[in-house]
Amino acid sequence: MNKKDLNRREFLNAASAASLAAVASRTIPAYGNVSKKAGKLAILGGQPVRTKGWYGWPIWDKGAEESILSVLRSGNWFRGRGTKVSEFEKQYAELMGARRCLATASGTTALLVALHVLGVDAGDEVLVAPYTFIATYNVVFLTKALPVFVDTDQETFTMNPDKIEERINERTKAILPVHILGLPADMDRINAIAKKHNLVVIEDACQAWLAEYRNKKCGTLGDLGCFSFQNSKNLPAGEGGAVIGNDEEIMDKCYSFHNCGRPYGTVKGTSGYPVRGSNRRMQQFQAVILMSQMKRIQKDADTRLENALYLTSRIKDIPGIIPYKLAEGATRSAYHLYPFRYKKEHFSDIPRNKFLAALRAEGVPCSSGYGPQNKDGVIEEALNSRGYKRLYSSRRLKRYREENHCPDNDQLCKEAVWFSQSMLLGTKRDMDDIADAIAKIYENRAKLA
Ligand SMILES: Cc1ncc(COP(=O)(O)O)c(C=O)c1O
């Protein structure tokens, strides 16, 4: 990624913090009939399409303030001395349609719990999506397993099921698809391949609260599903995470592992600490924030969906703008981000960075999204470590380096453009501003080239 570009969190913060001056009046009709009155591009000194700010994030109410104060005053801040975390777990499981939920300190710790409990161990290989936040493969490295990248379907932004089987070998233990940006991965095909090769499936649903695949919630489709509640997320608590699942014994193991390996349910107390464990617990404060945020999550999700569909209808016919497509079987995105691909050949070859700068100048915050992280420094740093050299033969590591190519993902990383979830919480008029700004740039592309 170009260093000048904002990373996802910086972008989300900047987008929600954006507070611009008064509204300028202008008339730009729907695309297909873009008026020449749209005028000079703001980046070239013209009037911006929008000077108004966008929704801030997170949003909270008085009720949240009161419940945080009541936890504070109780002195019961830790889950072992309170009821709030288990109340949240019950509510979240119900919302997701899962039998059980385990709350964790973060999405990263949720993924670490899932990998450990499903038996991913040192020397194993895990198939991962490269188009994701770095945490998805950091957790594989922390488990001392090898993250093997499966190329991305550029249309859906998710793991391409056609590219999975060629990456499987006798050490492969798990598939870790990511419902990235809120877009569900093609879970029918991923689960079928996992079943055929006896692999476990851990869904990284850290950006996919209320996203649906065949009308079931993402996170309930594999063996375990993991969520993040970090500050920028559609369900925020500063930090926080969850693992959901339907298998009682596996969920008991998750609980036990996240609580230092103490006995829990079917994890019997043969001693004080019968199994390995770690502290991955959520705090009571996180749980009360989450329960107050859950009161708005469905309504917000419906607003984002409605606005996203409208925005797609407005921009899909602009040449060179290709909105995301849902994977086969996916029924609903969570719209943590709204993505499209920008094809510069339709915009007089204006590089994406210049297009983004022009869009920002029109008053529309936007981001270029992820870079090709399967080539990031972390990969070589891990492969060159003592542990990896011990666990994997030099022949395997040589082949790994030779095969670590995801050309479709590389192309997607060059073309993607994102809008943040909070921008989708506004009105149709806000979506018109986005569409009008893109159309205006398209109309003036020759002047920007
Ligand atoms: C796809 C994905 N996976 C994992 C994580 C890790 O979650 P957390 O930041 O809560 O540890 C995130 C969070 O940004 C994410 O977006």
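These are my notebook entries on the sheets, helices and odd backbone spots I looked up in this structure, which is a predicted model.

**Entry 1: the seven-stranded sheet**

I started with the strands. Seven of them make an open sheet, and reading across I get β1-β9-β8-β5-β4-β2-β3. The pairing in this sheet is mixed. Which strands stand at the edges? They are β1, residues 100–104, and β3, residues 146–149. Each has a single partner strand, so one side of each has no neighbour in the sheet. I also looked up the twist, which averages 25 degrees from one strand to the next.

**Entry 2: one pair in that sheet**

Next I picked out β8 and β9. β8 covers residues 224–228 and β9 covers residues 241–245. The two pair in the antiparallel sense, over four bridges. I wanted one residue pair to find on screen, so I took Cys-226, whose bridge partner in β9 is Val-243.

**Entry 3: helices lying across the sheet**

Which strands does α3 lie across? I found this helix, residues 84–96, across β1, β8 and β9. Its direction is at about 130 degrees to β1. Then I checked α7, residues 248–258, and it lies across β1, β8 and β9 as well. For α7 the angle to β1 is about 15 degrees.

**Entry 4: α3 against α8**

I stayed with α3 and followed its contact with α8, the helix of residues 284–315. How do the axes of α3 and α8 cross? They come within 8 Å of each other, at a crossing angle of roughly 30 degrees. Angles under 35 degrees count as roughly parallel, so α3 is roughly parallel to α8. The crossing of α3 past α8 is left-handed.

I then listed who meets whom. From α3 I noted Lys-84, Val-85, Glu-87, Phe-88, Gln-91, Tyr-92 and Leu-95. On the α8 side I noted Gln-284, Ala-287, Val-288, Leu-290, Met-291, Met-294 and Ile-297. Sorted by type, the residues of this contact come out as 10 nonpolar, two polar and two charged.

**Entry 5: the three-stranded sheet**

There is also an open sheet of three strands, in the order β7-β6-β11, and its pairing is antiparallel. The edges here are β7, residues 216–217, and β11, residues 330–332, and each of these pairs on one side only. I looked closer at β6, residues 212–213, which pairs with β11 over two bridges. There I found Glu-212 opposite Arg-332 of β11.

**Entry 6: a cis bond and two positive phi values**

Last, I went through the backbone. A reminder to myself: most residues other than glycine have a negative phi, and most peptide bonds are trans.

Where is the cis peptide bond I noted? It runs from Trp-57 to Pro-58, with omega near 0 degrees. I located Pro-58 in the loop between α1, residues 8–17, and α2, residues 62–74.

Leu-181 has a positive phi, near 65 degrees. I found Leu-181 in the loop that joins β4 (172–176) and α6 (187–196). Is Leu-181 buried or exposed? Its relative accessibility is 0%, so Leu-181 counts as buried.

Tyr-335 also has a positive phi, near 50 degrees. Its place is the loop between β11 and β12, the latter being residues 337–342. I checked its accessibility too: at 3%, Tyr-335 counts as buried, because the cut-off for buried is under 20%.

Technical notes: Residues are numbered from 1 along each chain as its sequence is written. This is a predicted model: local features need pLDDT of at least 70, side-chain atom pairs count only at pLDDT 80 or more; totals for chains, interfaces and linings use all residues. Side-chain values use heavy atoms; hydrogens and water are left out. Two strands pair if DSSP finds at least two bridges between them. Axes are lines fitted to C-alpha atoms, for helices over the stretch in contact, and angles run from 0 to 180 degrees between N-to-C directions. Contact means heavy atoms within 4.5 Å. Angles under 35 degrees count as roughly parallel, over 145 as roughly antiparallel, 65 to 115 as roughly perpendicular and the rest as oblique. A crossing is left-handed if the near helix is turned anticlockwise from the far one by less than a right angle, and right-handed if clockwise. Ala, Val, Leu, Ile, Met, Phe, Trp, Tyr, Cys and Pro count as nonpolar, Asp, Glu, Lys and Arg as charged, and the others, Gly among them, as polar. Buried means under 20% relative accessible area, exposed over 50%, partly exposed in between (1.4 Å probe, protein chains only).
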